[in-house]
Amino acid sequence: MDMPASAPLDRTARPLSGQVAVVTGSTSGIGLGIARAFAGAGAEVVINGIADQRTIDALCSECSGLGAQAVYDGANLLDPGEAAGLVTRTIARSGRIDILVNNAGIQHVAPVDEFPPARWDAIIALNLSAAFHTIRTAVPAMREQRSGRIINVASAHGLVASPFKSAYVAAKHGVLGLTKTVALEVARQGVTCNAICPGYVWTELVEKQIADTAAARGISHEQVISDVLLAAQPTKRFATVEEIGALTVFLAGEGASSITGTAISVDGGWTAQ
Ligand code: NAD
């Protein structure tokens, strides 16, 4: 039987110092909130996503100012080779990968019989398959280190469905299956794999779908916010990127060593109903 490690749980105020974290899709929204939280906790952060050079430079210097070094890797995660390359380049540069957050995601809202097949393929490629490619590349290094944290940003839509989001709901349910499977495969090697299931968080991804949802349902923008988005959340407020950042820091830390294969909801009570 494995005995629990005896290292103290509360090391310092910077619990992730010395650790290397990759956060996909961290140039905006939830991923950026996670990157900032990791940097504040002392981790070296690899920022990834689509942004102009000025934004990238500003984000890297902001995160570097908070903690350890922050670097940018522009891998296009729609491409399996680039998704794997994001991890191999990190290991080549830093000698290790301690935390992998699969966060990059896109959305498209349309009835299933009008859903463009190319959008379906892109959503599955980015929201689900990219996580497979980063994970399959990171696991051997984490196994060898005998430590690692894989955190997949799924969604309340990994647990329940909403109409007009067939590809997104399918991908996010898939992320939860991937999370559980990987957790079982690496459980004896000091590596955990968990999913976070946010409800609605005010980010570009949500802003962009309001117009499509209004069109698909034949209602106004204001009605989408009150009758569709916040209707699902008993707290009647959007979750924040800071709340999700704080949870990822906890999941990445020693105190979360026995949490694996699980989906943690940050949805204001949405899926309790
Ligand atoms: P966002 O649009 O603000 O951020 C998405 C990020 O992914 C950006 O950094 C973008 O540049 C990056 N990205 C897009 N295409 C990419 C590609 N081909 N390669 C690499 N990076 C790419 O969205 P967000 O709301 O912060 O969403 C982040 C994650 O959280 C997604 O997986 C989303 O499904 C999930 N989520 C969001 C909400 C919400 O309400 N915002 C709720 C539940 C789950």
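Visitor: From which domains does the shell around the ligand draw at least three residues each?
Guide: This is a predicted model. The assignment gives one domain in two segments, 20–201 + 239–272, and another covering 202–238. At least three shell residues come from each of them, that is, from domain 1 and domain 2.

Visitor: Which element gives the largest share of the shell around the ligand?
Guide: The ligand takes up the space of the largest pocket. Elements that contribute two or more residues to the shell are α1 (29–40), α5 (166–186) and α6 (204–217). The largest share, three residues, is from α6.

Visitor: How many charged residues does the shell around the ligand have?
Guide: In total, 30 residues surround the ligand, and Ile-30, Asn-103, Tyr-168, Val-201 and Thr-203 are the closest. By class, 15 are nonpolar and 13 are polar. The charged residues number two.

Visitor: What percentage of the ligand's accessible area does the protein cover?
Guide: Backbone atoms meet the ligand at several points. A backbone N or O atom of Gly-25 is 3.2 Å from a ligand oxygen, and one of Leu-77 is 3.0 Å from a ligand nitrogen. A polar backbone atom of Val-201 lies 2.7 Å from an oxygen of the ligand. Of the 830 Å² that the ligand has accessible on its own, the protein covers 94%.

Note on methods
Residues numbered from 1 in each chain as written. Predicted model: local features only at pLDDT ≥ 70, side-chain atom pairs only at ≥ 80, totals over all residues. Heavy atoms only, no water. Near = heavy atom within 4 Å. Polar contact = N/O pair within 3.5 Å; in protein donor to acceptor, adjacent residues only side chain to side chain. Areas by Shrake-Rupley, 256 points an atom, 1.4 Å probe, with all protein chains shown as cover. 1 Å grid on protein atoms, 1.4 Å probe; cavity = no way out; pocket = protein on both sides within 12 Å on 5 of 7 lines; lining within 4 Å. Sits in = over half its atoms within 2 Å of the grid points. Helix = DSSP H or I, 4+ residues; strand = E, 2+ residues; numbered from the N terminus. Nonpolar A, V, L, I, M, F, W, Y, C, P; charged D, E, K, R; others polar.
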